[in-house]
Structures are given as C-alpha cells and as structure tokens.
Amino acid sequence: MEKLKLLHISLLLLISVNLVAQNEINAGLLPKINLSSKLGENLKLVSSLESRQLLLEKNKSDYQYVLSDFTNIFSYKLSVKNSLNMGYTLRIIDKQAINRFIQQFNHIQNLGQQRLGHRFGIDQTFGGGEDFTFRSRYRLSFEKALQGTQIDPREFYIKLSNEYLAAFSKNETEFEARLGSFIGYEINDKNRIETGIDYRLSDFVSKNTSNNFWLGIVYYTSLN
C-alpha cells in the first residue's frame, strides 16, 4: 500500500509542476464498451470498442472526433493470480487503418479488502502512413469496495491506476505517464459500469509536453 501511495503522490507532483510550466491542455470524452466471453476453462475473449472525442484542444473549445479502436484480446489464465493476453487492435483515424498487436502479462495481488493489479505489456503499431512503433508499458491498478469487504452486486467501488509508457520509432522516442481515478458500480455478476478521469501526460521529457484529460465512461458485460 505504501508503494502505491508513493507512486500516486509522485505522479501528482509531476502533474502539478507540469501544469505550471506548460499551458497546453486538451480534454475530451473516452467512452468504451467491453464484452467478455469464456471460450474454455482457462481461456476467454475480450472485445472492446473505444472512441476518442476532443472537446478542448490546446486550450480552445473545438469538438473533434479523433479515432475509434476495435480490439480483440485472448486471455489465458495461467494460475489464480496470473494471466497472459495476446490481441489485436484496429484503429481508425482520419479514414486510415492502423494496426496494433498486443502482448501482456497480468498479475493480481489480493490484500485483504483491496486488490492490486500489475500489467506488463508490449505492442507493435504500423500502418496509416506512420513509422513502425514499438511500445513497452507497465500499469499498476488498485481496486477497493466502498461497502463491505468485497465488490458485490449493487455496490460501488473505486479503481485507481498508474501507467508508464515508452514508445520507440525510427525517428523519435516518446514517454507518457497516465493516472486514472474511477468510481464503479457492480450492477450484477455480469455487468458493471465505471466513470472517472483518465489523465495523460504526453512526452513529458521534451518541450512538447501536453496535458490530456479524458472523461472515461466504461461499460463491462459478460456473455457467460
């Protein structure tokens, strides 16, 4: 728990300093639908549709539909705490198709009434006239029920996340830090919804840093 608090405090300090030094702010909507289906005892398919819509760009109000992501991920449970994911994302942006292949390893820690999630991932992006890009990423997440000792139907919970990404292409290297703060509601055993702020600090080691705030709305449903 102390490590989790330290990570969030560090990123919040980074955000505060950056907001003073840089005045470029972008903001918008990030709705997403996530559908999961079991294909076997240890295998499931997770499909999602996500869109990105700008409402504020470089401090100016301006609506713009940015992109759509169609993702399919096969998740194989290695054990109670570990799983391996492999998948593909088709991104549509400016009427062009961009391809992304995804590989991830997930580890879950149950700490009494809280749950920590670790996700280590890499992905490869190409198409749309852009250079081939390789990214590495690490995400730490925290979940806690707001009522009782575990998340039950018709109850609220909180989810916090902290993620760091490094992207490498032919001509440049970029770094990004993300901080998510969401509140969720467990509708029943197969459906839940989350909403909150997804903050992204883009390319924070260069002079082209931008602060991106997204209002995330995510609906999760399971077919079985």
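**Exercise 1.** How many residues lie between E8 and E9 in the hairpin that they form?

*Solution.* In this predicted model, begin with the pairing: strand E8 (residues 155-168) and E9 run antiparallel and are joined over 14 bridges. Within this pair, alanine 167 stands opposite glutamate 174 of E9. The hairpin formed by E8 and E9 has four residues between the two strands.

**Exercise 2.** Follow E9 to its pairing with E10, and then place the strands in the barrel to which they belong.

*Solution.* E9 pairs with strand E10 (residues 191-202) in the antiparallel sense, over twelve bridges, and glutamate 176 is found opposite serine 202 of E10. Here the hairpin has two residues between its strands. The wider arrangement is a closed barrel of eleven strands, running E1-E2-E3-E4-E5-E6-E7-E8-E9-E10-E11 with mixed pairing. From one strand to the next, the twist averages 20°.

**Exercise 3.** Determine which side chain of opposite charge is nearest to glutamate 186, and decide whether a salt bridge results.

*Solution.* Glutamate 186 lies in strand E9 (residues 173-188) and is buried. The nearest side chain of opposite charge is that of arginine 192, 4.5 Å away. Because a salt bridge requires a side-chain nitrogen of Lys or Arg within 4 Å of a carboxyl oxygen of Asp or Glu, glutamate 186 has no salt bridge. Arg192 is nevertheless among the residues that glutamate 186 touches, which also include Asp152, Arg154 and Tyr157.

**Exercise 4.** Which residues make up the largest nonpolar core?

*Solution.* The largest nonpolar core has five residues, namely Leu30, Leu54, Val66, Leu67 and Trp214. Beyond its neighbours within four places in sequence, leucine 30 is in contact with residues including Trp214, Leu215 and Ile217.

Notes: Residues numbered from 1 in each chain as written. Predicted model: local features only at pLDDT ≥ 70, side-chain atom pairs only at ≥ 80, totals over all residues. Heavy atoms only, no water. Pairing = 2+ DSSP bridges. Axes fitted to C-alpha atoms, helices over the stretch in contact; angles between N-to-C directions. Buried < 20%, exposed > 50% of the residue type's maximum accessible area, 1.4 Å probe, protein only. Lys, Arg positive; Asp, Glu negative; His and termini not counted. Contact = heavy atoms within 4.5 Å. Core = buried A, V, L, I, M, F, W, Y, C linked by side-chain atoms within 4.5 Å.
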